[in-house]
Structure formats: structure tokens, C-alpha cells
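Student: Before we look at any labels, could we agree to ask of each one what value stands behind it?
Tutor: Yes, let us take the labels in turn and set each value against its cut-off.

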Amino acid sequence: MYVNGKFVPENQPVISVFDHGFLYGDGVFEGIRAYNGRVFKLREHVDRLFDSAKAIDLDIGMSKEAMEEAILETLRKNNFKDAYIRPIVSRGNGDLGLDPLKCDKANVFIVAKTMSSLYDTMELKAITVGVRRNAPDALSPNIKSLNYLNNILAKIEANAKGGQEAIFLDHNGFVAEGSGDNIFIIKNGVVYTPPTINNLKGITRATAIELLEKNKIPTRVENISLFDVYTADEIFVTGTAAEAAAVVWVDGRTIGAGKTGPVTALMLKEFEKITSTTGTEIYTAKKAPARAASAKPAAKTAAAKPAAKTAAKPAAKAPAAKTAAKPAAKAPAAKTAAKAPAKKPAAKPAAKKPAARK
């Protein structure tokens, strides 16, 4: 496992009891999967990790590019092609008080393990739990914090009532999500999923929406009630750990035909295909691909330099005008350019500047 820039055996103790992630759940994490030698949606997961950290004012202490490379190197060190990866960032070591200012710097851990789907079956029974999803004005569900007690309490209740998954309602009584996944319902050929104000902005959720739209299946993001859940033709859930699974029974009610429906089956097939064929390759490149955002400025600078030199030469020396005239061969326009005042030759190359950039 990766610990603050080093790799250590997973059974080696590395966390101080004064780490605020351990003491108070003060930190963030991500769940990522690798399939067939590729990390699925690596960049999106790292972006979400950094968004969670920013939301709680936590400085991770490394760049996104460095985090991506550390994740890939952790997989290489373990010789994994298929794995579940858990980057964890805690506030760091402090004292027994709550004050984050008492913590010196963040601790970064990356754990990778082989792991099958979160569920033992692809057709789940779900229970609507009395525990409400965290209100966004208290603790946003979009922060993947190390304090997962809200989710754990829901799971405890579902377990006690014979369900394999819990269904959260928000403080307004609308369906929010599962304890570890986003929820979709299908009615009359249309797919519905709740807005992410009351649930996690799931990366697998976004992938499912893309796959549904690609297959011309109408998808709507809007509030869902328990009535909508009970009367749905199909239900499925998505998540990185959960992957994707059908829900065939909720609170004693059979959903649809009581088995995986056609829309869910299509989505599961498409999801398996995309996860096995796309992603950041682990072993072909020693480093993670450069981010487009950081690469663009460099490209612009490189393109601008030659243009600047071309514009400068005619302004400084008359022969530059002849150089500019050469491509035009014996055209009269070139002679005119040569006799023109010094300012005009400088303007001519500037006019050709866009062509040079292309």
C-alpha cells in the first residue's frame, strides 16, 4: 500500500491514533476500479476526490497528476490488472481536540485489493429505511468523507429487516439513493433518477446515463417518490463498488416481473462492455497521461513563439520583407511589400500569422 510517497506492507501499522481521520472521520476518500489492465474513469475519480477535499478545506499536498500516477504505481507494485482501489486522505496528525489547525499535514494512503461486486446477487431486495440521508445544508452527500455513519446506520437497518440494500429518503421524503449506490427506476420505457442535490454525484451513475442515452432510451433527472418506486417496471442501482445490479423487491412489493428487466439487462451489458475496454492503462505507460488542462497552455506557448519571431524579423530588417515575398514568387504584390514603409512589412507577416499556426 502507498503511504505518503512510500510503499509498505499492508499489515504494517502506519496511522497514528492522533490522526484526525481516525479520531473524527476528518478526511475524504474515493472508490475506483481497474478492469482488464485499465483503470476506469481514473481522472473523474481523482477530480471528485479533490472536490471533496476542497469542500472540507483539506489540502491534499500533491497534484492531481501525482495522485493519478501514485494510484497506477500502487497497482503495478501489486501486479494487479483487476482491482478495487481506495485512495484515502486524512487531515493528518493533531491532538485530541477538533481543531483542524492543530493538524500538521494531510496523510495520503492508497489501498488496492481484488474485490468482486459489492453484492452476492445481481437481483436485490431493498428496504426503505427510517434513517434520512444527510441534508445538503448540514453535510452534503457529495462529500465522500471518512465519516460514513449515515450510510452505515442505513445498512444496519436494512440488514435487520432482511434487505440487501437500503433506500434512503431525504428530509423532504423524496428518494435519495442507496446506502452505497445511486438508484434508477424505469416506467413505461422512461428512466428516472433523482437529482444529485440529495445524493452522491456518482461516476457510475453518469456512465449509466450516457449508456442509456447512447441506446436512445429517454432518461430524466427529477424527484422520485416511494409511490414511483413501488409502481416501477424496473429498478437498478449503480456504484463503483456495487457496479450495477437490478432491484426486484422493495418493502414487500415485487418490482415488475420480479426479475431483471430488459432496460436493466441492456444497461448491464453495455456497462460490462465499456468497463472492459476503456480506461487508463496501467502497464503500457510508466506515467499517467498528462491532463489536457495543463497541456493546453504549453501548446499555445509553443505555437506563439515562432509567430512572434516571424513578426519581429521584418520590423527589424528590410530583407525580412524579401523572405516574406519569396512564397509569392514574382507577383507584383511582393514588390509592393518591399517598397512599403517599415510598418507595413511588419503587418504583412502578422496577417499570415493564423496560417502559420494552423
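**Labels and their reasons**

Tutor: In this predicted model, helix α2 has Leu-42, His-45, Val-46, Arg-48, Leu-49, Phe-50, Ser-52 and Ala-53 as buried residues. The helix covers residues 42-55 and reaches 20 Å from its first C-alpha to its last, close to the 20 Å expected at 1.5 Å a residue. Just after α2, Asp-57 takes a positive phi of about 55°.

Student: How do you know that the span of helix α7 agrees with what is expected?
Tutor: Helix α7 (residues 262-277) has 16 residues, which should span 22 Å at 1.5 Å a residue, and because its end C-alpha atoms are 23 Å apart, the two values agree.

Student: Which elements do the buried residues of α7 pack against?
Tutor: They pack against β4, β11, β12, α5, β14 and β15; the buried residues of α7 include Val-263, Met-267, Leu-268, Phe-271 and Ile-274. Just after this helix, Gly-279 takes a positive phi of about 130°.

Student: Why is Phe-271 called buried?
Tutor: Its relative accessible area is 7%, and since buried means under 20%, Phe-271 is buried.

Student: What makes Leu-96 count as exposed?
Tutor: Exposed means over 50% relative accessible area, and Leu-96 stands at 59%, so it counts as exposed. Leu-96 is found in the loop between β6 and β7, and it helps to make a nonpolar surface patch of about 800 Å², together with Val-14, Ile-15, Val-17, Phe-18, Phe-22, Tyr-24 and Leu-98.

Student: How many aromatic pairs does the structure hold?
Tutor: The structure holds 5 aromatic pairs.

Student: Why is the pair of Phe-29 and Tyr-148 called edge-to-face?
Tutor: Because planes over 60 degrees apart count as edge-to-face, the 70° between the planes of Phe-29 and Tyr-148 gives the pair that label, and the rings are 5.2 Å apart, centre to centre. The pair links strand β3, where Phe-29 lies, with Tyr-148 in the loop between β8 and α4, 119 residues apart.

Student: Why is Tyr-148 called partly exposed?
Tutor: Partly exposed lies between the cut-offs of 20% and 50%, and Tyr-148, at 26% relative accessibility, therefore counts as partly exposed.

Student: What makes Phe-40 and Phe-271 an aromatic pair?
Tutor: Rings pair if their centres lie within 6.5 Å, and those of Phe-40 and Phe-271 are 6.3 Å apart, with 85° between the planes, in an edge-to-face pair. Phe-40 and Phe-271 also belong to one aromatic cluster with Tyr-35.

Key
Residues numbered from 1 in each chain as written. Predicted model: local features only at pLDDT ≥ 70, side-chain atom pairs only at ≥ 80, totals over all residues. Heavy atoms only, no water. Helix = DSSP H or I, 4+ residues; strand = E, 2+ residues; numbered from the N terminus. Expected span 1.5 Å × (residues − 1). Buried < 20%, exposed > 50% of the residue type's maximum accessible area, 1.4 Å probe, protein only. Patch = residues over 30% accessible without salt bridge, like charges linked within 9 Å, V, L, I, M, F, W, Y side chains within 5 Å. Areas by Shrake-Rupley, 256 points an atom, 1.4 Å probe, with all protein chains shown as cover. Salt bridge = Lys/Arg side-chain N within 4 Å of Asp/Glu carboxyl O. Contact = heavy atoms within 4.5 Å. Phe/Tyr/Trp six-rings, centres within 6.5 Å; stacked < 30°, edge-to-face > 60°.
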